[in-house]
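Colleague: Can you walk me through this one? I'd like the sheet, the ligand site and a few odd residues.

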Amino acid sequence: MPHQVTTIIIGAGPIGLELAANLKQANVHYLHFDTGQVGQTISWYPKQAHFFSSPDRIAICGLPLQTQDQTKATREEYLTYLRTVVQQHRLKINTYEKITEIKTLGHHQFEVITDKDTYHAENVITCIGDMHLPRKINVPGEDLPHVSHYFDEAHKYFDQKLLIVGGKNSAVEAAIRCHRIGAKVSISYRQAMFNEKSIKYWLLPEIQWLIETKEIGFYPQSIVKRITPKTVEMESLNGEQQVDADFVLLLTGYEMDTTLLKQAGVTLQGPNRAPMFDDATMQTNVPGLYVAGTAAAGTQNKFKLFIENCHCHVVKIIRDLLDQEPQFVNPLAYVHLKETIPPTDRMPES
Ligand SMILES: Cc1cc2nc3c(=O)[nH]c(=O)nc-3n(C[C@H](O)[C@H](O)[C@H](O)COP(=O)(O)OP(=O)(O)OC[C@H]3O[C@@H](n4cnc5c(N)ncnc54)[C@H](O)[C@@H]3O)c2cc1C
């Protein structure tokens, strides 16, 4: 027999955890799943990457987030913080258990199937984020072992020829970090120049200088056609070009996997394929199925939802499900319920 619970939360990122702390406090019989570890999305940021959001805005459950040097949190500091939140609230999370299917059986009746078991619930809250799949460039060689869609750490590229494909924040940040540790870096970008709105403002002058002084190679308006074990073939205004590369980083953005929402019957709309939901409650067009966190935005080509303006989702859902106020939430949630305030720092577009 499937296990029966009141509510299932899918996703143990910051917003899923903030919801869980409040369901637990209200004694709701819920289960919480994540396909990986707590903070799985954050765990694949590059090592020592800094958040652009200030610590107070990404703090959850009302628990302050302190950083070592009082500046913005690193990946490592935030993961440490998330683990502390889980311990502080004694949250039980079924980590490494992937939801593979959500079946809508009727009004507030769901069958949730994982890679380990089957569960029945009256409500399902999807906090699954929006960065599941790398945006592929679909060229021969994309799956070769020296090609990756994820920048993990710079050390790997020391004294190596590295071609980075992309021209937004993640590509520029990776290029500067790898150049600093002694990699021979080049960038291939579809556009003629970087869009200043897409890049952290403190990185833009540096990348421009490094390109101007030819410390970093730059292939503007170029399109990668083929990757081989030692070269990358590109087409640009100068015709066809071949660049030597020991490693290739394809930092071309990420897409949301909407499979679960589609299976459950949620309507996806607009170019971002964003789920349809009632803004007052976060309930989708499927009664009993809620969406929270960045998953509410679909694939974000221009970032509109970040952690800091998703705390209000927790208030809306707890009010709708339990008719009460959440006890553990970032105070910013109440500010965002009333107005849109600009993010701490200008958020680079993806
Ligand atoms: C380098 C980098 C820097 C960033 N900096 C910032 C920043 O400064 N500020 C900011 O607000 N945002 C930043 N972001 C984006 C940030 O990661 C997201 O805003 C944040 O993680 C969203 O939180 P969330 O709880 O909505 O979803 P997520 O943190 O994405 O959590 C979703 C969770 O759902 C789980 N999941 C997904 N599908 C399933 C399934 N089928 N079954 C079970 N579990 C599933 C995932 O494993 C994941 O743990 C950055 C992103 C990157 C890559």
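Modeller: Start with one crossover. E9, helix H6 (residues 204-212) and E10 make a right-handed β-α-β unit. Right-handed here means that, with the strands pointing away from the viewer, the path from the first strand over the helix to the second runs clockwise. Helices (H or I, at least four residues) and strands (E, at least two) are DSSP runs, numbered from the N terminus.

Colleague: What kind of model is it, and what are the ground rules?

Modeller: It is a predicted model: local features need pLDDT of at least 70, side-chain atom pairs count only at pLDDT 80 or more, and totals for chains, interfaces and linings use all residues. Residues are numbered from 1 along each chain as its sequence is written, and side-chain values use heavy atoms, with hydrogens and water left out.

Colleague: Back to the sheet. What is the strand order?

Modeller: The order is E7-E14-E8-E9-E10, an open sheet of five strands with parallel pairing. Strand E7 (147-148) and E10 are the edge strands, each pairing on one side only. Two strands pair if DSSP finds at least two bridges between them.

Colleague: How many bridges join E8 to E9?

Modeller: Five, with strand E8 (residues 161-165) running parallel to E9. Leu 162 has Val 185 in E9 as its bridge partner. Ile 164 stands opposite Ile 187 in E9.

Colleague: And which helix makes a β-α-β unit with E8 and E9?

Modeller: Helix H5 (residues 169-180), and that unit is right-handed.

Colleague: What about the other side of E9, towards E10?

Modeller: E9 pairs in the parallel sense with strand E10 (residues 217-219) over three bridges. Ile 187 has Phe 218 as its bridge partner in E10.

Colleague: Why is E9 largely enclosed by the rest of the structure?

Modeller: Because four of the five residues of strand E9 (residues 184-188) are buried. Buried means under 20% relative accessible area, exposed over 50%, partly exposed in between (1.4 Å probe, protein chains only).

Colleague: Does anything touch Ser 188? I mean, which side chain makes a polar contact with it?

Modeller: The side chain of Ser 222, at 2.8 Å from the side chain of Ser 188. A polar contact is a pair of N or O atoms within 3.5 Å; within protein, one must be able to donate a hydrogen and the other to accept it, and residues adjacent in sequence count only if both atoms are side-chain atoms. Ser 222 sits in the loop between E10 and strand E11 (223-227). Its relative accessibility is 2%, so Ser 222 counts as buried.

Colleague: Where is Asn 169, and what does its side chain reach?

Modeller: Asn 169 is in helix H5. Its side chain reaches the backbone nitrogen of Lys 200 at 2.8 Å. Asn 169 is buried, with a relative accessible area of 9%.

Colleague: Switching to the ligand. How many residues surround it?

Modeller: 30, and the closest are Asp 34, Thr 41, Tyr 45, Phe 52 and Ser 53. The cut-off is a heavy atom within 4 Å of the ligand.

Colleague: What is the make-up of that shell?

Modeller: The shell holds 17 nonpolar, ten polar and three charged residues. Ala, Val, Leu, Ile, Met, Phe, Trp, Tyr, Cys and Pro count as nonpolar, Asp, Glu, Lys and Arg as charged, and the others, Gly among them, as polar. Helix H1 (14-25) and helix H2 (40-43) each supply at least two shell residues. H2 gives the largest share, three residues.

Colleague: Which polar atoms of the protein lie by the ligand?

Modeller: Among them is an N or O atom in the side chain of Thr 41, 2.6 Å from a ligand oxygen atom. A polar backbone atom of Ile 99 is 3.0 Å from a ligand nitrogen atom. A backbone N or O atom of Thr 294 lies 2.9 Å from an oxygen atom of the ligand. Taken alone the ligand exposes 980 Å², and the protein buries 91% of that. Those areas come from the Shrake-Rupley method with a 1.4 Å probe; for residues, only the protein chains shown count as cover.

Colleague: Now the odd ones. Is Cys 61 buried or exposed?

Modeller: Buried, with a relative accessible area of 5%. Cys 61 is in the loop between helix H3 (55-58) and helix H4 (75-88). Its phi is near 55°, a positive value in a residue other than glycine.

Colleague: And Lys 214, buried or exposed?

Modeller: Exposed, at 73% relative accessible area. Lys 214 lies in the loop between H6 and E10. Phi of Lys 214 is near 60°, again positive in a residue other than glycine.
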